[in-house]
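This report looks at how a ligand is held by a protein chain, and then at the sheet and loops of that chain. Please keep the structure open beside the text while reading.

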Amino acid sequence: MSENVNSENCSHQCEGCSVENCGARQNPQSLLIEPDSRSSIRRIIGVVSGKGGVGKSFVTSMLAAEMQRRGRRTAVLDGDITGPSQGKAFGIKEKAYGDGELIIPAYTKSGIQLISTNMLLENDDTPVLWRGPMVANILKQFYQEVYWNNVDVMFVDMPPGTSDVPLTLFQSFKLDGIIVVTSPQELVSMIVEKAINMANTMNVKVLGLIENMSYVECPKCHEKMYVFGKSHIDATADKFNLPVLARIPLDPAIAEASDAGTIEDIEVPQIKEAVDFIENL
Ligand code: ADP
């Protein structure tokens with residue numbers, strides 16, 4: 001039988017208390033924050049990676065571009081506060097402005113709502129040298145103090161690593177799940193395990209894996225060359241019982257489009273299955 005602690009006897013100091021199945025303990029105070037009442041965000045998907053440079057930001061923009069093409073109202077929150085790249089990839093030059101109450105996000109060419117640290121800096125090249133608490137605060141502001149206009153799916157380009165900043169995000173955003181991006185030359189199993197542990201601790205679901213830079217395809221004969229060696233993603237996916245949502249080739253056009261700010265003009269057929277999966281969640 002479950003023990004009931006009546007509120008008069010409860011000191012609310014759960015640590016050291018012997019009543020394990022107390023209602024207060026089972027429902028610890030949530031640290032989740034809500035967007036402003038004018039905003040609406042139906043689904044939030046985080047995109048994570050074990051280290052920088054594997055294409056986490058690129059995959060985030062591709063998922064968003066494809067989702068928007070399907071007529072879903074899509075948003076990108078660039079949570080990589082100290083290494084923002086979404087503004088540049090989508091060719092956003094304007095700075096953020098407010099309507100007196102909320103910050104208005106940029107709208108990309110195809111209508112994706114986007115917020116990124118670049119939009120707060122006078123000069124895009126200014127390095128962001130902010131300490132953890134400030135970065136965490138900006139993240140929360142991006143969520144709470146931006147006018148997210150009737151968004152069906154928001155993709156969050158998650159801050160890298162497992163420091164307090166990504167933890168803040170995991171704790172405070174109501175994530176529907178995360179997607180882990182890896183590349184073939186990484187120690188995939190370890191990265192996925194870390195991501196799963198972090199997500200489990202925070203009660204967030206890992207939806208699946210995306211392998212980026214999987215291979216190079218010869219433009220003439222279409223032969224696939226596995227320049228980074230044999231992929232270990234299938235073994236990892238089996239081990240953790242997760243789907244591989246996409247394998248994206250290394251393609252110079254991708255890097256060019258990111259630099260030119262025309263990332264949403266690119267269509268990566270391999271991303272479609274991942275977007276189907278998200279739509280069917
Ligand atoms: P991360 O967010 O993991 O640090 P980025 O998405 O910023 O990585 O990608 C790093 C660089 O690699 C960028 O210049 C990007 O344009 C490029 N890149 C990413 N994926 C590919 C790909 N599949 N083919 C070619 N270039 C890519």
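In this predicted model, an oxygen atom of the ligand lies 2.8 Å from an N or O atom in the side chain of Ser57. Two further contacts of the ligand's oxygen atoms can be set beside this one, and the table names, for each residue, the part that takes part in the contact.

| Residue | Part of the residue | Distance to an oxygen atom of the ligand |
|---|---|---|
| Ser57 | N or O atom in the side chain | 2.8 Å |
| Lys56 | polar backbone atom | 2.9 Å |
| Ser258 | polar side-chain atom | 2.9 Å |

On its own the ligand has 550 Å² of accessible area, and the protein covers 78% of that area. The space that the ligand takes up is the largest pocket of the model.

Which residues come nearest to the ligand, out of the 15 around it? They are Gly53, Lys56, Ser57, Phe58 and Pro249. When the residues of this shell are sorted by character, seven are nonpolar, six are polar and two are charged. Two helices can also be named as contributors, since α2, which covers residues 56–69, and α8, which covers residues 252–260, each supply at least two residues of the shell.

From the ligand we can turn to the sheet. In general, the strands of a sheet pair through backbone hydrogen bonds, and this pairing is either parallel or antiparallel. Here eight strands form an open sheet with mixed pairing, and their order across the sheet is β5-β6-β2-β7-β1-β8-β9-β12. The edge strands are β5, at residues 106–107, and β12, at residues 244–248, and each of them pairs on one side only. Within the sheet, strand β2 (residues 74–78) and strand β6 (residues 113–115) run in the parallel sense and are paired over three bridges. As a point of orientation in this pair, Ala75 stands opposite Gln113 in β6.

Two loop residues also deserve a careful look at their backbone angles. Met213 has a positive phi of about 60°, although it is not a glycine, and Met213 is found in the loop that connects β9 (206–212) with β10 (216–217). His222, which is likewise not a glycine, has a positive phi of about 65°, and His222 lies in the loop between β10 and β11 (224–225).

Methods. Residues are numbered from 1 along each chain as its sequence is written. This is a predicted model: local features need pLDDT of at least 70, side-chain atom pairs count only at pLDDT 80 or more; totals for chains, interfaces and linings use all residues. Side-chain values use heavy atoms; hydrogens and water are left out. Two strands pair if DSSP finds at least two bridges between them. Helices (H or I, at least four residues) and strands (E, at least two) are DSSP runs, numbered from the N terminus. A residue is near a molecule or strand if one of its heavy atoms lies within 4 Å of it. A polar contact is a pair of N or O atoms within 3.5 Å; within protein, one must be able to donate a hydrogen and the other to accept it, and residues adjacent in sequence count only if both atoms are side-chain atoms. Accessible areas come from the Shrake-Rupley method with a 1.4 Å probe; for residues, only the protein chains shown count as cover. On a 1 Å grid over the protein atoms alone, a cavity is a set of points where a 1.4 Å probe fits but cannot get out, and a pocket is an open set with protein on both sides within 12 Å along at least five of seven lines; lining residues have an atom within 4 Å of a point. A molecule sits in a cavity or pocket if more than half of its atoms lie within 2 Å of its grid points. Ala, Val, Leu, Ile, Met, Phe, Trp, Tyr, Cys and Pro count as nonpolar, Asp, Glu, Lys and Arg as charged, and the others, Gly among them, as polar.
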